[in-house]
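Colleague: I should like a close look at the strands of this model and at how they are joined to one another. Please keep to that part and take it step by step.

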Amino acid sequence: MSNELKRIYSKLVNDEQPDTVTLCNSENRVEWIPLLSCGQEDNNLGIVDSGFWGIKISSCLIILDSESSYLYVLKLLEITMDQIESELNDLSSKYGLAEGDNLEFPFVEIIRFAFRNEQNDYWLNLAFRWLDSLENRLQKELVVELLNLENNKNISQKMRHMAKKRRNQISNA
């Protein structure tokens, strides 16, 4: 993910002045360009100079570079992927990014985090909604997580059945 986003970041630096912000749980500071609001009042999601997405929480930044970091963006499941994709398309237009300039938003990683770590029907339902919005080739990346959900006795039977149904649909497509 990071090489493509590093290249995009380099392009964006020509139009936007990066902000310097302290990383959460660290004294280190990084440069980033806040880009998306995703339902918030200000742009709290952006691209870090290291080529990852980051989220600003209070006055510090969390880089979305590991599975555990996706906990901080789980709330994004409450808005539709279409809303986020619309903001991404607006960004591409605003900055004159070519069609091949992929902003690589971590939709799959957020869904994967929810499937692996959540047992609450609320979050799982929202993750299924996002899963249904993904292209089939991206859905296939989540088949193992769906199988694990199917067999997870710690989640409701309704969610296990939903996982089995989606896995079968994806496998047969």
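Modeller: The account below follows the strands, then a loop beside them.

This is a predicted model, in which local features need pLDDT of at least 70 and side-chain atom pairs count only at pLDDT 80 or more, while totals for chains, interfaces and linings use all residues. Residues are numbered from 1 along each chain as its sequence is written, and side-chain values use heavy atoms, with hydrogens and water left out.

Five strands form a closed barrel in the order 1-2-3-4-5, with mixed pairing. Strands here are DSSP runs of E of at least two residues, numbered from the N terminus, and two strands pair if DSSP finds at least two bridges between them. From one strand to the next, the twist averages 55°; the axes behind such angles are lines fitted to C-alpha atoms, and the angles run from 0 to 180 degrees between N-to-C directions. In general, strands of a sheet pair through backbone hydrogen bonds, either parallel or antiparallel.

Strand 1 (residues 19-23) runs antiparallel to strand 2, to which four bridges join it. Within this pairing, valine 21 has valine 30 of strand 2 as its bridge partner. The two strands form a hairpin with five residues between them, and asparagine 25 in the turn has a positive phi of about 60°.

Strand 1 also pairs with strand 5, in the parallel sense and over two bridges. Here leucine 23 is matched with leucine 61 of strand 5 as bridge partner. Strand 5 (residues 60-63) is in turn joined by four bridges to strand 4 (residues 53-57), and these two run antiparallel. In that pairing, isoleucine 57 has cysteine 60 of strand 5 as its bridge partner.

Some of these residues also belong to nonpolar cores. A nonpolar core is a set of buried Ala, Val, Leu, Ile, Met, Phe, Trp, Tyr and Cys residues joined through side-chain atoms within 4.5 Å. The largest has 54 residues, of which Trp53 and Phe105 touch the most other members. A second, separate core of seven residues includes Leu23, Val30, Trp32 and Leu61.

Finally, serine 37 lies in the loop between strand 2 (29-36) and strand 3 (45-48). Serine 37 counts as buried because its relative accessible area is 17%, where buried means under 20%, exposed over 50% and partly exposed in between (1.4 Å probe, protein chains only). Apart from neighbours within four places in sequence, serine 37 is in contact (heavy atoms within 4.5 Å) with Asp42, Asn43, Asn44 and Glu87.
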